[in-house]
Amino acid sequence: MIFKNFRQVWLLLLILITLDCISLSARTEKEAPLPDFTYLLASGKEGTLWGISADYTLIYLNNTDCDICRHLSDSLAASPVISRMVGLKTLTVLGLYPDSDTAAWKARPTHLLPAWINACDVNLSVVMDDRYDVKHIPSLYLLDRQKKFLLKDVSVRELERFLQGKQK
């Protein structure tokens with residue numbers, strides 16, 4: 001007999017089930033489009049995730065009084081790859097303030113470029129959705145045209161490499 005006792009069989013079964021669930025979760029996460037959500041613009045108008053029609057959408061979770069966010073904004077703005085794609089309208093940067101305090105968001109100057117969407121997630125749609133798995137601010141999430149994850153929580157350099165590979 002391969003297994004000496006029930007405990008070994010049970011442990012092996014648990015490991016196999018866990019691995020299968022992780023594999024299924026990863027496949028589902030990559031294959032399923034994210035649900036639509038509404039964001040608020042400083043003008044008072046609203047937009048939706050699915051209303052963005054670019055080939056790629058970069059969701060950039062940021063806070064206006066965050067120094068690291070300001071540096072990340074500068075890095076994104078300095079990237080020739082990202083700038084070119086934004087200019088060609090193949091990439092839309094959705095700068096999303098992940099809080100419902102619109103007064104604080106509007107009162108602070110933005111560090112986002114005018115070509116980017118500066119929005120507030122008043123319904124906390126991204127932060128409350130486990131698929132984003134927001135661990136910190138700032139965070140970057142790249143989606144395809146169908147609003148499926150391509151990259152999660154990546155650096156600007158990783159983002160550039162990925163996008164350069166898609167432009168060839």
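D67 is exposed in this predicted model, with a relative accessible area of 54%, a value that falls in the exposed class because that class begins over 50%. The residue has its place in helix 2. In sequence D67 and H111 are 44 residues apart, while in space their C-alpha atoms are separated by 9.9 Å.

H111 also appears among the contacts of N62, a residue in the loop between strand 3 (56-61) and helix 2 (67-78). Is N62 buried or exposed? With a relative accessible area of 3%, N62 is buried, since the buried class covers values under 20%. Leaving aside residues up to four places away in sequence, N62 touches C69, G95, L96, Y97, P98, H111, L112 and I137. The side chain of N62 is also engaged with the backbone, reaching the backbone oxygen of Y60 at 3.0 Å.

**Salt bridges**

A search of the whole structure finds four salt bridges, and three of them are set out below, including the N to O distance and the relative accessible area of each partner.

| Salt bridge | N to O distance | Accessibility of the basic residue | Accessibility of the acidic residue |
|---|---|---|---|
| R145 and D55 | 2.5 Å | R145, 41% | D55, 30% |
| R131 and D129 | 2.9 Å | R131, 36% | D129, 13% |
| K135 and D133 | 2.5 Å | K135, 61% | D133, 41% |

The salt bridge between D55 and R145, at 2.5 Å from N to O, links distant parts of the chain, for D55 lies in the loop between strand 2 (46-48) and strand 3, whereas R145 lies in the loop between strand 6 (139-144) and strand 7 (149-152), 90 residues apart. D55 is partly exposed at 30%, and R145 counts as partly exposed at 41%.

In the salt bridge formed by the side chains of R131 and D129, R131 counts as partly exposed at 36% relative accessibility, whereas D129, at 13%, counts as buried. In the salt bridge that joins the side chains of K135 and D133, K135 is exposed, with a relative accessible area of 61%, and D133 is partly exposed at 41%.

**Helix 3**

Helix 3 spans residues 80-87, and within this helix V81, I82, M85 and V86 are buried. Why can these residues be assigned to the same side of helix 3? They cover an arc of only 125° around the axis, and therefore they sit on the same side of the helix. The face of helix 3 turned away from this buried side carries P80 and G87, which are exposed. Just after helix 3, K89 takes a positive phi of about 65°.

**Confidence**

The protein chain has an average pLDDT of 86, and 80% of the residues score at least 70. Over residues 21-28, however, pLDDT stays under 50, and for this stretch the model has zero contacts beyond four places in sequence. Where pLDDT is low, predicted coordinates should not be read in detail.

Definitions and conventions. Residues are numbered from 1 along each chain as its sequence is written. Side-chain values use heavy atoms; hydrogens and water are left out. pLDDT is the predictor's confidence in each residue, from 0 to 100. Contact means heavy atoms within 4.5 Å. Helices (H or I, at least four residues) and strands (E, at least two) are DSSP runs, numbered from the N terminus. Buried means under 20% relative accessible area, exposed over 50%, partly exposed in between (1.4 Å probe, protein chains only). A polar contact is a pair of N or O atoms within 3.5 Å; within protein, one must be able to donate a hydrogen and the other to accept it, and residues adjacent in sequence count only if both atoms are side-chain atoms. The arc is that of the directions from the helix axis to the C-beta atoms.
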